[in-house]
Amino acid sequence: MARILVTGGAGYIGAHTVYFLLRAGHEVIVVDNLCRGHRRYVDPARLRVLDIRETRPLAKLLRQEAIDAVIHFAAYAYVGESMEKPEIYFDNNVAGTVSLLNAMTETGVRYLVFSSSAAVYGVPREVPIPEDNPVAPVNPYGESKAMVERMLTWMDRCRGLRSISLRYFNACGVEPGSGLGEEHDPETHLIPLVLRAARTGEPVTIFGDDYATPDGTCIRDYVHVSDLATAHLAALDWLLQGGPSEVFNVGTGKGHSVMEVVRTAETVVGKQVPYQIGPRRLGDPPVLVASPEKIQRTLNWRPVYTRLEDMIRTAWEFEKTRS
Ligand SMILES: NC(=O)c1ccc[n+]([C@@H]2O[C@H](COP(=O)([O-])OP(=O)(O)OC[C@H]3O[C@@H](n4cnc5c(N)ncnc54)[C@H](O)[C@@H]3O)[C@@H](O)[C@H]2O)c1
């Protein structure tokens with residue numbers, strides 16, 4: 001049992017991870033400014049409405065709550081928005097993390113699990129992507145994650161702060177019975193958009209069908225949010241047991257095309273998904289699939305959800321409650 005501070009714990013992946021941390025018997029405090037999160041995802045007794053850029057109150061909280069480790073989700077996470085307003089990504093994602101690191105250094109909290117992203121790879125050199133693929137982001141969002149990863153390397157060398165950066169691929173699904181959901185506003189993730197199209201009849205746009213892939217649509221590695229949550233628990237245990245700083249991909253290692261997601265959703269929902277083909281999005285690589293070999297070997301992490309259909313079914317159970 002450890003005392004964990006979770007930044008961004010009112011968001012989609014953060015709230016799921018809190019749910020699994022509590023089930024594993026950890027004590028949890030959530031820091032979230034609710035700019036993009038949901039108050040109802042967090043037990044009011046655990047929630048501290050606070051911006052991570054406010055170093056002083058953050059340090060006070062770390063000290064008062066005798067925190068052992070931090071899991072850091074709080075960030076902006078829209079690629080398109082980051083191209084339009086790069087400065088807010090560097091401010092929130094990078095300067096926000098500097099503020100958190102200052103608070104941790106001041107209070108002697110030595111362990112951090114960080115939400116990184118497959119976006120750090122940009123257009124990868126090889127697929128499945130190993131962790132030693134060059135880090136070469138193609139948008140400010142990916143750059144903000146890469147910058148934090150580099151800061152963490154130096155914080156380890158100079159300050160002995162140990163960290164795990166988890167480079168997630170495409171998070172999806174909802175933990176059944178958790179009362180949580182995937183509710184980004186605006187929603188940009190494919191599975192909720194496809195399911196919303198099925199529910200409302202409003203077509204979803206597929207960005208490009210002329211890629212060099214078998215059906216012409218982009219291929220991504222979908223990883224269930226509950227499996228992402230257990231990856232955080234494994235990373236936390238690794239650090240608390242004295243393991244060194246590491247970077248891991250978190251994906252299943254299997255790729256699915258956009259059209260496959262549409263067809264599988266149709267099977268799950270039992271009706272057609274209306275869609276239209278739009279132009280390609282700038283900087284969308286044709287294929288992004290993780291090599292999950294390192295996290296499997298090192299942390300002994302395995303995804304429970306390996307079938308796309310099962311992942312989509314959990315998302316549909318949530319989507320149905322929204323009508
Ligand atoms: N969803 C994905 O597929 C995916 C993939 C790769 C990486 N990630 C990363 O995982 C993390 C969580 O993603 P998500 O989909 O749950 O996003 P989300 O927007 O649902 O959650 C982010 C949370 O952080 C909070 N927040 C943002 N800035 C804050 C600040 N300055 N102070 C306090 N709280 C703040 C928001 O209110 C929100 O609750 C992010 O860091 C994101 O970049 C997500």
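Author: Ala, Val, Leu, Ile, Met, Phe, Trp, Tyr, Cys and Pro count as nonpolar, Asp, Glu, Lys and Arg as charged, and the others, Gly among them, as polar. The model is predicted, so that local features need pLDDT of at least 70 and side-chain atom pairs count only at pLDDT 80 or more, while totals for chains, interfaces and linings use all residues. Residues are numbered from 1 along each chain as its sequence is written.

Reader: How do the residues of the shell around the ligand divide by class?

Author: The ligand is surrounded by 29 residues (C-beta atom, placed from the backbone, within 6 Å of it). The closest are Gly8, Gly11, Gly37, Ala75 and Ala171. By class, the shell around the ligand holds 13 nonpolar, twelve polar and four charged residues.

Reader: Which element supplies the largest share of the shell around the ligand?

Author: Helices (H or I, at least four residues) and strands (E, at least two) are DSSP runs, numbered from the N terminus. At least two shell residues come from each of α1 (12-23), β2 (27-32), α4 (86-107), β5 (111-117) and β7 (170-172). The largest share, three residues, is that of α1.

Reader: How many helices and strands has the protein, and what does its C-alpha trace span along the principal axes?

Author: The protein has ten helices and 14 strands. Along its principal axes, the C-alpha trace of the protein spans about 55 × 40 × 40 Å.

Reader: How far apart do the C-alpha centres of domain 1 and domain 2 lie?

Author: The domain assignment, automatic or from a database, gives domain 1 as 3-171 + 223-250 and domain 2 as 190-220 + 253-320. The distance between the C-alpha centres of domain 1 and domain 2 is 24 Å.

Reader: Which element gives the largest share of the side of domain 1 that touches domain 2?

Author: In domain 1, 25 residues are in contact (C-beta atoms, placed from the backbone, within 7 Å) with 19 residues of domain 2. The elements giving two or more residues to this side of domain 1 are β10 (222-224), α7 (225-240) and β11 (246-250). The largest share, seven residues, comes from α7.

Reader: What is the class make-up of the side of domain 1 that touches domain 2?

Author: The classes are those used for the ligand shell. For the side of domain 1 that touches domain 2, the division is 16 nonpolar, six polar and three charged residues.

Reader: Which residues are in contact with Ala235, leaving aside its neighbours within four places in sequence?

Author: Among contacts in the protein between residues at least 6 apart in sequence, 79% join residues at least 24 apart. With its neighbours within four places in sequence left aside, Ala235 is in contact with Val113, Ile164, Leu166 and Leu299.

Conventions
Contact = placed C-beta atoms within 7 Å.
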